[in-house]
Amino acid sequence: MSQQEMLGVESVEAFRDRAAVWLDAHAPRRSPEGWAVAQQEVTRERERDLVIAAKLFQSELFAAGLTGLRWPRPYGGHELTVSHEIALAEAAAPFDLPTGFVFSITFGMCGPTVLAHGTEPQKRRYIEPMLRGAEIWCQLFSEPGAGSDLAAIGSSAVLDGDHWVVNGQKVWSSGAHYSDFGLLLARTAPELPKHRGLTMFIVDMRAPGVTVRPLRQMNGAEHFNEVFFDDLRIPAGNVVGQVNEGWRTAITTLMNERVALGGGGDSERKAGLANLFELARAAGRYHDPVVRDRLARVYIEHTIVGLIGQRVRDAVLRGAAPGPEGSVGKLATARSDKALAALAAEMSGARTAAWKQDDDRGGAAWADMLLSVPARSIAGGTDEVQKNIIGDRVLGLPREPESDRDAPFRDR
Ligand SMILES: Cc1cc2nc3c(=O)[nH]c(=O)nc-3n(C[C@H](O)[C@H](O)[C@H](O)COP(=O)(O)OP(=O)(O)OC[C@H]3O[C@@H](n4cnc5c(N)ncnc54)[C@H](O)[C@@H]3O)c2cc1C
């Protein structure tokens, strides 16, 4: 009997087999058609269906014991090992899980932040409903005047008895319109320097004082929003981490975000590559030496991105704090995805601009990808910001000068 079995933990092999059988019965397999559909414009109507399907699937994953593998048991997790998590990722690779982008912020950023910095009552209240698929979370950080310079956040929170009163505006808040809760970063001490007077809060997205307005992107989707707070009252018990220590709490969220954006999606990447090669064949360009040269470059870049992602995931799974390698992965992912989309659009030719509904070469999907990939150089920190992080923390170059770093925020 293995040590795991003696401790009453399902062996990795048995777990992998159980997961594969369950997924085979409950999840759609990846296919070129499925990939093309997934790339197409997500209208709010289509999104409503995707959200319902994601919540249902997440509840089924929970009932089957296939989520929250390494999260603590008192909050609905299983306290399993890194090897179980890898086994699940491998078993899930051939499938297109409906949880996709809907739960990516909930599990990739908000859950880990609440687990790392939340109070015991917060963990008991919020973690299990995430795992059960009952509640979706969003990230309320960026503002019109605070993106790359996130510490410049101007939304204010003022203590009034046992509540904080919040006023201000957020922007680019992905999924805020279907989220139940959000992690909000607001300024609680304008007399302190900009990094030291911020606090993180849990916001009920349906509370009075929260207004969510859609923003339309150039690919036609309305994936993100502007969010306004007008005298929103947040109970004092909703502070995550310490008051005025929100920057430290936010770093946990941002590091996890970079890993989520730069360290994942291996099977999706392989599906994109396979479809690119198929497109080259269908367009009669597969033997064109110039196209072959570019295909080879895209293939090499994507393979390297896959290896970087693997390295990042392995480090995180081993328990190492996500570090600047997340920035390397994110930068490389943005670059290689843009190269892939550009080559596909070129080979697709006029189909990328005007396609028939039954276009079997995925014209709509490539067009949408071409219009969506530029966002990868912005979301989760721009390419330039990732380069600054790499210069500073990996290459040991001098830090970028920040003249307002130590001044009180209100005197900037
Ligand atoms: C698809 C998508 C989803 C998003 N989802 C969310 C979300 O859910 N929640 C959330 O809070 N935010 C979200 N964001 C916002 C995102 O984090 C910001 O857009 C990003 O941090 C950049 O900030 P900004 O848009 O204000 O650009 P700015 O910071 O104004 O940057 C403008 C330009 O200046 C450059 N620049 C800025 N500072 C420097 C510097 N120091 N050195 C060199 N160049 C610099 C930038 O690289 C960029 O090219 C999302 C963005 C996108 C595109």
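Here a colleague asks and a modeller answers about side-chain contacts, strands and surface in this predicted model.

Colleague: How many aromatic pairs does the structure hold?
Modeller: Ring contacts are a good place to begin. One of the pairs is Trp-137 with Phe-181, with 5.5 Å from centre to centre. For the structure, the count of aromatic pairs is 10.

Colleague: Is the pair of Trp-137 and Phe-181 stacked, edge-to-face or tilted?
Modeller: Look at the angle between the planes, which is 35°. Stacked needs under 30 degrees and edge-to-face over 60. The angle fits neither, so the pair counts as tilted.

Colleague: How many residues apart are Trp-137 and Phe-181?
Modeller: Trp-137 is in strand 1, residues 137-140. Phe-181 is in strand 4, residues 181-187. The pair links distant parts of the chain, and the separation is 44 residues.

Colleague: Is Trp-137 buried or exposed?
Modeller: Its partner Phe-181 has a relative accessible area of 9% and is buried. For Trp-137 the value is 1%. Buried means under 20%, so Trp-137 is buried.

Colleague: Which residue forms an aromatic pair with Trp-172?
Modeller: Trp-172 lies in the loop between strand 3 (163-171) and strand 4. Its partner is in strand 7, residues 224-235, and 52 residues apart from Trp-172. The pair is tilted, with 5.2 Å between centres and 55° between planes, and the partner is Phe-224.

Colleague: Which residues form one aromatic cluster with Trp-71?
Modeller: This is a grouping of three named residues, Trp-71 among them. The other members are Phe-103 and Phe-107.

Colleague: Over the ring of which residue does the charged end of Arg-187 sit?
Modeller: There is also an arginine over a tyrosine ring: the charged end of Arg-281 is 4.5 Å from the ring centre of Tyr-286. For Arg-187, the distance to the ring centre is 3.5 Å. That ring belongs to Phe-409.

Colleague: How many bridges join strand 3 to strand 7?
Modeller: Strand 7 also pairs with strand 6 (residues 210-215), antiparallel, over 6 bridges. Strand 3 and strand 7 run antiparallel too. In that pairing, His-163 has Pro-235 as its bridge partner. The number of bridges from strand 3 to strand 7 is 8.

Colleague: Which residue in strand 7 stands opposite Arg-213?
Modeller: Strand 6 covers residues 210-215 and pairs with strand 7. The residue opposite Arg-213 is Glu-226.

Colleague: What is the phi of Asp-231, and is the residue buried or exposed?
Modeller: Asp-231 is in strand 7. Its phi is near 50°, a positive value in a residue other than glycine. Relative accessibility is 51%, and exposed means over 50%, so Asp-231 counts as exposed.

Colleague: Where does Glu-79 lie?
Modeller: Glu-79 has a positive phi of about 50°, although it is not a glycine. At 44% relative accessibility, Glu-79 counts as partly exposed. Its place is the loop between helix 4 (44-63) and helix 5 (82-92).

Colleague: Which residue of the pair Asp-180 and Arg-206 is exposed?
Modeller: Their side chains meet in a salt bridge, 2.7 Å from N to O. Asp-180 has 9% relative accessibility and counts as buried. The partner has a relative accessible area of 55%, so the exposed residue is Arg-206.

Colleague: How many residues apart in sequence are the parts tied together by Lys-194 and Asp-404?
Modeller: The two form a salt bridge, with the closest N and O atoms 3.2 Å apart. Lys-194 lies in the loop between strand 4 and strand 5, whereas Asp-404 is in the segment after helix 13. So the pair ties together parts whose separation is 210 residues.

Colleague: Which residues join Lys-194 and Asp-404 in one network?
Modeller: Glu-402 forms a salt bridge with Arg-405, the closest N and O atoms being 2.8 Å apart. Salt bridges that share partners make the network. Besides Lys-194 and Asp-404, its members are Asp-149, Glu-402, Arg-405 and Arg-412.

Colleague: What is the accessible area of the nonpolar patch with Leu-397?
Modeller: Leu-397 is partly exposed, at 47%. The patch also holds Val-328, Val-394 and Leu-395. Together they have about 340 Å².

Technical notes:
Residues are numbered from 1 along each chain as its sequence is written. This is a predicted model: local features need pLDDT of at least 70, side-chain atom pairs count only at pLDDT 80 or more; totals for chains, interfaces and linings use all residues. Side-chain values use heavy atoms; hydrogens and water are left out. Rings of Phe, Tyr and Trp (its six-membered ring) pair if their centres lie within 6.5 Å; planes under 30 degrees apart count as stacked, over 60 as edge-to-face and the rest as tilted. Helices (H or I, at least four residues) and strands (E, at least two) are DSSP runs, numbered from the N terminus. Buried means under 20% relative accessible area, exposed over 50%, partly exposed in between (1.4 Å probe, protein chains only). A charge sits over a ring if NZ of Lys or CZ of Arg is within 6 Å of the ring centre and within 35 degrees of the ring normal. Two strands pair if DSSP finds at least two bridges between them. Patches are made of residues with over 30% relative accessible area and no salt bridge: like charges are joined within 9 Å, nonpolar side chains (Val, Leu, Ile, Met, Phe, Trp, Tyr) within 5 Å. Accessible areas come from the Shrake-Rupley method with a 1.4 Å probe; for residues, only the protein chains shown count as cover. A salt bridge is a side-chain nitrogen of Lys or Arg within 4 Å of a carboxyl oxygen of Asp or Glu.
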